[in-house]
Amino acid sequence: MDLSGRTALLTGATGGLGRAIARALAGRGASVALSARSTEALEELAAELPGDGHRILPADLSDPGAAERLAAKAADVDVFIANAGLPGAGLLTDFTAEEISRALRVNLEAPMLTARELIPAMTKRGSGHFVFISSLAGKAGNPRTSIYNATKFGLRGFALALRCDLGPKGVGVSLVSPGFIRDAGMFADAGTKSPLVLGTGTAAQVGDAVIRAIERNKVELVVAPLRFRALAHLALTNPALSARVQSGSMGQQTGEEIAAGHPREKR
């Protein structure tokens, strides 16, 4: 897909990754419908982007029905990038039932429901693209992130299956899976440093990956150094080994730092 002159809906637009994705889309000539909770932050972002035709669609995707209402306001878009997410970091027993439901609703249910509402128009046109921002946490389990892992494993499976359904109808579906991003996102927000063996990526690289996914109809693009990608692939093929490694001191320390950096008010 040539993004010039196209319209794109982006959720989680005002976070670090969202801003990078919005700039990348606008830089390719797309008009972006920006969605997040803060109207003021959305207005500031829209004013900063190059090009014109950008609009804001404030929404709190943790509210029941918010995803469907958002999709109704953006029914004419050519592209949907599901980027909004909650960290879901901490021990499962430390979460209330409502906090678990919020994480599932924002990270997994909202992308599914929004996509469901946008699919009919795209398939009727025979064109369109969905990009789901997943994570390497969708390939390997990590300490203190069982809820987050669950949503990203689920999102990855959903996107891969949806691609099988929509590809024959001319609609693309892609995954972008970051590892540790040093200047934005869940790990940066928590002040967590990536273990040296894994390395890091940048928010700008995530934005570039979204563009490549759309323009080249890629199945999945991973934003992480080669060694990190290799270890994530190993975790998929040998989950027992991965669990032993992640249960060690380095994995436990990283998990504790992530959980400590995302207190209850971020749930």
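## Exercises on a pocket, a patch and two loops

In this predicted model, the lining of the second largest pocket is made up of 20 nonpolar residues, nine polar ones and no charged ones. Let's work through that pocket and a few other spots together.

**Exercise 1.** Describe the second largest pocket by its volume, its central residues and the elements that line it.

*Solution.*
- Start with the volume, which is about 560 Å³.
- Next, look at the 29 lining residues: A140, N142, L198, F228 and Q246 are the closest to the pocket centre.
- Then turn to the elements that give two or more residues to this lining: helix 8 (226-237), helix 9 (239-246) and helix 10 (249-260).

**Exercise 2.** Find which residues make the nonpolar surface patch of about 330 Å², and classify L231 as buried, partly exposed or exposed.

*Solution.*
- The patch is made by V197, L231, L234 and M250.
- Locate L231, and you will find it in helix 8.
- Buried means under 20% relative accessible area and exposed means over 50%. L231 has 40% relative accessibility, so L231 is partly exposed.

**Exercise 3.** For R144, state the sign of phi, the place in the chain and the exposure class; then do likewise for N217.

*Solution.*
- Take R144 to begin with: its phi is near 70 degrees, a positive value in a residue other than glycine.
- R144 sits in the loop between strand 5 (129-133) and helix 5 (146-166). Its relative accessibility is 23%, so R144 counts as partly exposed.
- Now N217, a residue other than glycine with a positive phi near 50 degrees.
- The loop between helix 7 (203-216) and strand 7 (220-223) holds N217. With a relative accessible area of 36%, N217 is partly exposed.

Technical notes:
Residues are numbered from 1 along each chain as its sequence is written. This is a predicted model: local features need pLDDT of at least 70, side-chain atom pairs count only at pLDDT 80 or more; totals for chains, interfaces and linings use all residues. Side-chain values use heavy atoms; hydrogens and water are left out. On a 1 Å grid over the protein atoms alone, a cavity is a set of points where a 1.4 Å probe fits but cannot get out, and a pocket is an open set with protein on both sides within 12 Å along at least five of seven lines; lining residues have an atom within 4 Å of a point. Grid points are joined across faces, edges and corners, and a volume is the space filled by probe spheres set on the points. Helices (H or I, at least four residues) and strands (E, at least two) are DSSP runs, numbered from the N terminus. Ala, Val, Leu, Ile, Met, Phe, Trp, Tyr, Cys and Pro count as nonpolar, Asp, Glu, Lys and Arg as charged, and the others, Gly among them, as polar. Patches are made of residues with over 30% relative accessible area and no salt bridge: like charges are joined within 9 Å, nonpolar side chains (Val, Leu, Ile, Met, Phe, Trp, Tyr) within 5 Å. Accessible areas come from the Shrake-Rupley method with a 1.4 Å probe; for residues, only the protein chains shown count as cover. A salt bridge is a side-chain nitrogen of Lys or Arg within 4 Å of a carboxyl oxygen of Asp or Glu. Buried means under 20% relative accessible area, exposed over 50%, partly exposed in between (1.4 Å probe, protein chains only).
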